[in-house]
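This report describes selected features of one protein chain for a reader at the bench. It begins with a single side chain and then moves to the elements and enclosed spaces around it.

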Amino acid sequence: MDMQVTPAPLVSSPALRLTLFGFLMTALFMATLDNQIVSTALPTIVGEFGEMERFGWIGSAYLLATCAVMPLYGKLGDLFGRKYVMITAVTIFTLGSIACGLAISMNTLIAARVLQGLGGGGIMVSIFSINADLFEPRERARYQSYSSLVLMASGAVGPILGGTMSDLFGWRSIFLINIPIGVIVLIGLFMFLPYRRPIRQPKIDYAGALLLAGAVTTVVLLGDGAELFGSLFSLGSLAVLSTGVLLAAAWVFVERKAPEPIVPLTLFRNPTFSLMLVISLASGAIGIGMVNYFALFLQTTTGLTPSIAGLLFVMLTGGIVCGSLTAGRLISRTGRYKPFSITSAGLMALALLIFTQIQPGTPIYIICAVMALHGIGIGFGQQVPVVGVQNIVSRADVGAATGAVTLSRMAGASIAISIYGATIAAGLAHGKVVIPGVPDIETLTPLVLSTLPEATRHLVAEDYTVAFQPLFLTAMGFALMALIAAISLKSVRLPQKPAG
């Protein structure tokens with residue numbers, strides 16, 4: 001059985017642990033909210049700076065920097081202790097927010113978003129690593145489920161808050177609001193988070209960090225390959241892919257010889273670690289990658305306005321919250337996570353299969369029920385990869401393992417977004433028919449769609465329904481991949497809280 005002796009938690013006082021957890025969740029909300037809040041402010045930003053062709057990089061630059069530094073932050077926490085690594089990440093993020101709020105052009109804003117991402121990636125990895133120090137394994141599962149509440153809250157509140165703040169105070173306010181939040185978090189961490197000094201001598205694997213960051217960067221660039229190079233199969237995309245393969249091979253070579261590798265290759269000797277990376281990748285592909293496409297699907301095939309379609313997302317986010325809280329408590333009680341991973345993948349696959357059967361005219365209550373089912377599926381398995389890998393690795397490698405899992409989730413989202421985009425574009429091109437009053441269906445906005453005659457809207461809905469079927473089947477493929485990996489996991493029980 002995969003079980004090991006667990007050191008005493010970093011903080012013995014339950015009240016202090018909850019206080020620290022509150023500060024950590026505030027930091028997580030700040031980092032995740034920022035990427036959501038900017039979406040509704042983009043039209044305003046583009047209106048001031050112009051350069052419409054670059055607006056996508058306001059989001060991509062943040063994602064790129066976040067993914068690139070996640071494994072490095074995890075390893076730095078293992079080597080130097082998590083307190084000051086976390087404080088550094090929050091400081092960088094706050095400085096990046098100031099730079100965003102003071103941006104004078106699209107280029108300076110994109111550069112500032114990179115700086116923000118360099119801090120945001122560290123915040124996300126460090127929080128999950130600090131949780132491993134604060135809570136014993138079973139209790140950790142319950143608190144990690146609360147983390148998913150914060151993620152869902154930022155996803156639900158972000159777009160609304162971004163639009164409201166942009167209207168009332170200007171788009172710069174959505175970045176500058178992070179300054180007081182960041183200062184509060186920094187004060188809380190300085191005052192209440194103890195410093196646990198690692199036993200081993202720090203030796204930073206600079207070459208491994210750079211090579212891994214480069215390889216991850218190519219993955220994110222491939223995610224935007226269609227936009228950057230015109231096609232996923234263009235010379236530019238193939239050059240990026242080749243570069244990524246070479247960097248990955250060089251990284252493996254360097255890690256074999258490094259005294260303190262960024263991600264120890266010995267972790268891959270345990271099949272549970274590799275399986276958890278697969279599950280985490282699929283979770284990102286479905287849980288993060290599908291969100292924007294659900295919005296497009298609802299607005300084009302059901303004729304709902306953006307605001308009403310947004311309300312339907314309450315069913316999805318509500319399902320995620322219910323699934324995550326339920327699984328967190330049951331994992332804490334039983335000590336077993338494999339059944340929840342299997343259930344999660346199975347429910348997601350079932351929901352996505354049902355989505356392929358939804359047609360124009362399908363009652364809204366049925367769509368709501370399927371979205372809730374899909375959300376419960378996502379929530380049931382959300383914390384399993386982090387809890388699972390933290391249970392099998394030594395205390396010295398918790399940060400590195402957590403960083404690898406978090407990175408695989410973000411990489412899965414990036415890869416899937418690219419695949420979904422290509423799939424829907426190919427579906428629309430293949431099934432294109434002449435629709436009266438619609439010269440180009442791909443440029444049809446929900447507002448324009450609402451002004452078209454009923455017969456025309458029905459033709460548009462049918463076109464999109466056909467185009468979305470292979471997309472849902474592709475997402476279901478990710479879910480089945482996660483299901484196979486979950487079934488292959490060893491059946492283990494998380495260790496009990498140490499006596500005494």
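The side chain of arginine 336 reaches the backbone oxygen of valine 492 at 3.4 Å. A polar contact here is a pair of N or O atoms within 3.5 Å; within protein, one must be able to donate a hydrogen and the other to accept it, and residues adjacent in sequence count only if both atoms are side-chain atoms. The model is predicted, so local features need pLDDT of at least 70 and side-chain atom pairs count only at pLDDT 80 or more, whereas totals for chains, interfaces and linings use all residues. Residues are numbered from 1 along each chain as its sequence is written, and side-chain values use heavy atoms, with hydrogens and water left out.

**Arginine 336 and lysine 338**

Arginine 336 is located in the loop between helix H14 (306-334) and H15. Helices (H or I, at least four residues) and strands (E, at least two) are DSSP runs, numbered from the N terminus. A further polar contact joins the side chain of arginine 336 to the side chain of serine 491, at 3.3 Å. Contact in general means heavy atoms within 4.5 Å. Apart from neighbours within four places in sequence, arginine 336 is in contact with Ile331, Ser491, Val492 and Arg493. The C-alpha atoms of arginine 336 and arginine 493 are 4.9 Å apart, although these positions lie 157 residues apart in sequence numbering.

Is arginine 336 buried or exposed? Its relative accessible area is 25%, and therefore arginine 336 is partly exposed. The classes are buried (under 20% relative accessible area), exposed (over 50%) and partly exposed (in between), with a 1.4 Å probe and protein chains only.

Lysine 338 belongs to helix H15 (residues 338-355). Lysine 338 is buried because its relative accessible area is 19%. Not counting residues up to four places away in sequence, lysine 338 touches Ala486, Ile487, Leu489, Lys490 and Ser491.

**Helix H4**

Two residues of helix H4 (residues 82-101) are described here: alanine 89 and arginine 82. Alanine 89 has 0% relative accessibility and so counts as buried. Arginine 82 is likewise buried, at 10% relative accessibility. With neighbours within four places in sequence set aside, the contacts of alanine 89 are Tyr73, Gly119, Gly122 and Ile123. On the same basis, arginine 82 is in contact with Gly74, Gly77, Ser129, Ile130, Asp133, Arg395, Val398 and Gly399. Alanine 89 and methionine 124 are 35 residues apart along the chain, and their C-alpha atoms are separated by 9.2 Å.

**Helix H12**

Helix H12 (residues 271-287) has 17 residues and spans 24 Å from its first C-alpha to its last, close to the 24 Å expected at 1.5 Å a residue. The expected span is 1.5 Å times one less than the number of residues. Of the 17 residues of H12, 13 are buried, and the helix is mostly covered. Its N-terminal end is capped by asparagine 270, with a side-chain oxygen 2.9 Å from the backbone nitrogen of threonine 272.

**Cavity and pocket**

On a 1 Å grid over the protein atoms alone, a cavity is a set of points where a 1.4 Å probe fits but cannot get out; a pocket is an open set with protein on both sides within 12 Å along at least five of seven lines, and lining residues have an atom within 4 Å of a point. Grid points are joined across faces, edges and corners, and a volume is the space filled by probe spheres set on the points. Nonpolar residues are Ala, Val, Leu, Ile, Met, Phe, Trp, Tyr, Cys and Pro; charged residues are Asp, Glu, Lys and Arg; the others, Gly among them, are polar.

| Space | Volume | Lining by class |
|---|---|---|
| Largest cavity | about 90 Å³ | seven nonpolar, four polar, no charged |
| Second largest pocket | about 530 Å³ | 18 nonpolar, two polar, no charged |

The lining of the largest cavity includes Ile279, Ser283, Ser341 and Ala486. The elements giving two or more residues to this lining are H12, H15, helix H16 (364-381) and helix H20 (454-488). H15 gives the most, with four residues.The second largest pocket is lined by 20 residues, of which Leu212, Ala215, Val216, Trp251 and Leu407 are the closest to its centre. Helix H9 (206-223), helix H11 (235-257), H12 and helix H18 (398-430) each give two or more residues to the lining of this pocket.

**The chain as a whole**

The chain has 20 helices and zero strands. Of its 500 residues, 54% count as buried.
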